[in-house]
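Open the model in your viewer and keep the selection tool at hand. The stops below go from one group of side chains to the next.

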Amino acid sequence: MASMKEQAAISRLLSFLQDWDNAGKVTRSHILKNFIETNQGKTAPELEQEFSQGASLFLVRLTTWLRLTYMTGLCLEKILKSIGIFLSAVSSNRYLIEFLEVGGVLTLLEILGLEKIKEEDKKESIKLLQVIANCGRKYKELICESYGVRSIAEFLAKSKSEETQEEVQVLLDSLVHGNPKYQNQVYKGLIALLPSASPKAQQLSLQTLRTAQSIMGATHPSIVACVLNVLRTMHLEVQYEAIELIKDLVNYDVCTALLKGLVALLIPPVKETSKLQPKILSDSTVLQLTAHLPVFLQQAAAAKAIGVLARGNNSLAEEMLHLRVVHSLMAAMGNTDHSNSQRQASLTLEYFVQMFPVVEEHVRKSMGEELYKLFLSNAEDLYMKIDSIQADILAANEVNVTRALNLGGLSNSNMGFYLGPRDQEQRAYITHFQEDVKGKE
């Protein structure tokens, strides 16, 4: 038979639950506020003690009210915070199972897609999903099986709050770890976010992709084009993350495709740059437009990325020489419509000139002595000192270092300097070709 103390505790619980059942919206809001203030951070045993071993009776009322009202947004933030107290409590596995059994995950994901719901409410939904995901692999799989990756990624792209977006990143990072069954789904979702119109979403996706890529190992075929397109951004923090990811990707099977893509971006397609021509005649603000034309932003970022890669890995620098990177960098230096393209290309070319004598020789010959001296004196500020004729010389250059490397009659000893360890087979072929030519002579 229950003691007087136990009976009193049970009586208080029943009275509390009756007050909740009979309360209106305002009273329930006050009850939730008091519950959050007095129970934040409590363990499951402490909650059970607070509710006389009947905490689940209050939790089921919270989840029921959530399912009935979440589309209206009524007291949603307080409801979610209250449920969070149960789910995040130490030894709360029973509460978690009770919440999941009534479709808790689906409800939380649906909240993310509702336009009328406030951003703060959606952030609380994300926090609850974080708690669920951090409980283990099977819970991460449940979120993914509920089309969670798509809902979460779409919310990241549409969210207007950077603080909320950072919470979403934490959730995606959790889903990509310890989730072998669905980690590829998360990886693809992150790639799909790269064309997002939100710079913050792009930045966070790129950061998380670096982690996901190291876990995945193999690359997805679409990642090269998606990352290169991100270089069109005018946001430097996004460009930085894109280049950091590119530095990682050159260690995978997409290295050659990535290098070819970067070099190609140094000379934008005519159809892109020709869009400016009609505006030059009719619009006096054309200079402002050209300053932010996406292909020129991309051109400057590509020149910068090539410089970063070349300085970090001499083997990559050698490989890019065979892709006619010197010709393309000089062409970018002649782009008087975008000074940052000229500046970044000049700085990168300076490194190639310093590292490879064959490049120095061809660049000097193509530029002419006067322009070459200007270039050597201050590569970074060269774009401010050249005239239109010199810019045209750069833009129309026909430098072909590749031909010099392959067929320039280099001695075997010199060739070892110009060609790195990745080019040994090509070196053997060239040597054989030269010997064959001498024999015929």
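**Stop 1: F51 and its partner**

Select F51: at 6% relative accessibility, F51 counts as buried (buried is under 20% relative accessible area, exposed over 50%, partly exposed in between, with a 1.4 Å probe and protein chains only). Before moving on, note that this is a predicted model, where local features need pLDDT of at least 70, side-chain atom pairs count only at pLDDT 80 or more, and totals for chains, interfaces and linings use all residues. Residues are numbered from 1 along each chain as its sequence is written, and side-chain values use heavy atoms, with hydrogens and water left out.

Add F35, which is buried at 4% relative accessible area. The ring centres of F35 and F51 lie 5.9 Å apart with the planes at 55°, so this pair is tilted. Rings of Phe, Tyr and Trp (its six-membered ring) pair if their centres lie within 6.5 Å; planes under 30 degrees apart are stacked, over 60 edge-to-face, the rest tilted. F35 lies in helix 2 (residues 25–39) and F51 in the loop between helix 3 (44–50) and helix 4, so the pair ties together parts 16 residues apart in sequence. Helices are DSSP runs (H or I, at least four residues), numbered from the N terminus.

**Stop 2: W20 and F58**

The structure holds 13 aromatic pairs. Select W20 and F58 for an edge-to-face one: 5.5 Å centre to centre, 90° between the planes. W20 is in helix 1 (residues 4–22) and F58 in helix 4 (residues 55–69), so the pair ties together parts 38 residues apart in sequence. How buried are the two? W20 has a relative accessible area of 1%, and F58 has 0%.

**Stop 3: the aromatic cluster**

Now select F16, W20, F35, F51, F58, W65, F86 and Y95: they form one aromatic cluster. Add R28, which lies over the face of W65, 5.1 Å from the ring centre. A charge sits over a ring if NZ of Lys or CZ of Arg is within 6 Å of the ring centre and within 35 degrees of the ring normal.

**Stop 4: helix 24**

Jump to residues 357–367, helix 24, where V358, V359, V363 and M367 are buried. Look down the axis: these buried residues fall within an arc of 145°, so they line one face of the helix (the arc is that of the directions from the helix axis to the C-beta atoms). G368 follows helix 24, with a positive phi near 90°.

**Stop 5: F352**

Finish on F352. Leaving aside neighbours within four places in sequence, its contacts (heavy atoms within 4.5 Å) include I306, M320, V325 and V359.

Technical notes
Helix = DSSP H or I, 4+ residues; strand = E, 2+ residues; numbered from the N terminus.
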